[in-house]
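Reader: I'd like a close look at one part of this protein, its cysteines, with a bit of context around them. Could you start with the charges and work your way there?

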Amino acid sequence: LARLFLALGGRPEQYASLKVCDVRRDSTPQGDATYFIEMPRAKQRGKRSRTEFKSRALIAQLGAPLTEYAKRVCRKYMTILSDPNQAPLFPQRSQRGDWADGFEYHQTAKALGRALTKALGRLEVMSERTGEALNLPPIRFRRTLGTRAAQEGHGELVIAELLDHSDTQNV
């Protein structure tokens with residue numbers, strides 16, 4: 001999860017609504033593996049969750065372990081869900097909850113963000129500037145992705161695409 005936040009800069013809502021079926025491995029005509037994740041779009045006016053997706057390519061170092069992880073989650077839900085491919089990619093630990101239809105066993109975006117912040121907090125990463133422990137909420141990775149793209153000279157359209165913005169107004 002942390003590596004996905006670092007690589008893609010998505011919103012917690014997007015990761016919370018991911019399902020096992022959103023991770024895929026394809027093969028090129030030469031037989032090489034290529035990896036993709038279908039990221040649900042978030043913050044789209046008038047749209048329900050999981051109605052629009054952005055296909056994101058993943059490097060093999062991220063895609064291969066993520067694909068294996070998705071397979072493990074799928075196997076875990078074979079006896080729980082009628083279609084284990086619809087299992088949440090990052091499931092809630094508890095088997096009890098009050099879920100919306102189609103989101104059984106999914107964590108909330110807030111819970112997922114808290115889990116990420118807590119896990120990264122255990123690393124005790126120190127700021128070079130202040131010498132204090134870094135606060136690592138999910139939004140930090142999103143802002144860093146956009147900032148680094150700008151520092152590398154990418155234009156507003158590229159940054160909007162990276163951050164999955166519908167326009168350049170907030171870039």
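Author: Let's take the charges, then: the protein has 28 positive and 19 negative ones, and their mean positions sit 5 Å apart. Keep in mind that this is a predicted model. As for the surface that the protein exposes, it comes to about 10900 Å², with carbon and sulfur atoms supplying 50% of it. On the inside, 37% of the 171 residues count as buried.

Now the fold. You'll find 6 helices and 3 strands, and going along the sequence they run α-α-β-β-β-α-α-α-α. The radius of gyration is 17 Å, close to the 16 Å that the globule rule gives for 171 residues, so the protein is as compact as a globular protein of that length. The C-alpha trace spans about 50 × 40 × 35 Å along its principal axes. If you look at contacts with a separation of 6 or more, 48% of them come from residues 24 or more positions apart.

That brings us to your cysteines. Searching the whole structure turns up 0 disulfides. Why is cysteine 21 without one? The closest cysteine sulfur to its own is in cysteine 74, and that one is 9.3 Å away, which is too far for a bond; a disulfide needs the two sulfur atoms within 2.5 Å. Seen from the other end, cysteine 74 has its closest cysteine sulfur in cysteine 21, again at 9.3 Å and too far for a bond. As for their surroundings, cysteine 21 is partly exposed, at a relative accessible area of 35%, while cysteine 74 is buried, at 14%.

Key:
Residues numbered from 1 in each chain as written. Predicted model: local features only at pLDDT ≥ 70, side-chain atom pairs only at ≥ 80, totals over all residues. Heavy atoms only, no water. Buried < 20%, exposed > 50% of the residue type's maximum accessible area, 1.4 Å probe, protein only. Helix = DSSP H or I, 4+ residues; strand = E, 2+ residues; numbered from the N terminus. Rg over C-alpha atoms; globule rule 2.2 N^0.38 Å. Contact = heavy atoms within 4.5 Å. Areas by Shrake-Rupley, 256 points an atom, 1.4 Å probe, with all protein chains shown as cover. Lys, Arg positive; Asp, Glu negative; His and termini not counted. Charge placed at Lys NZ, Arg CZ, Asp CG, Glu CD.
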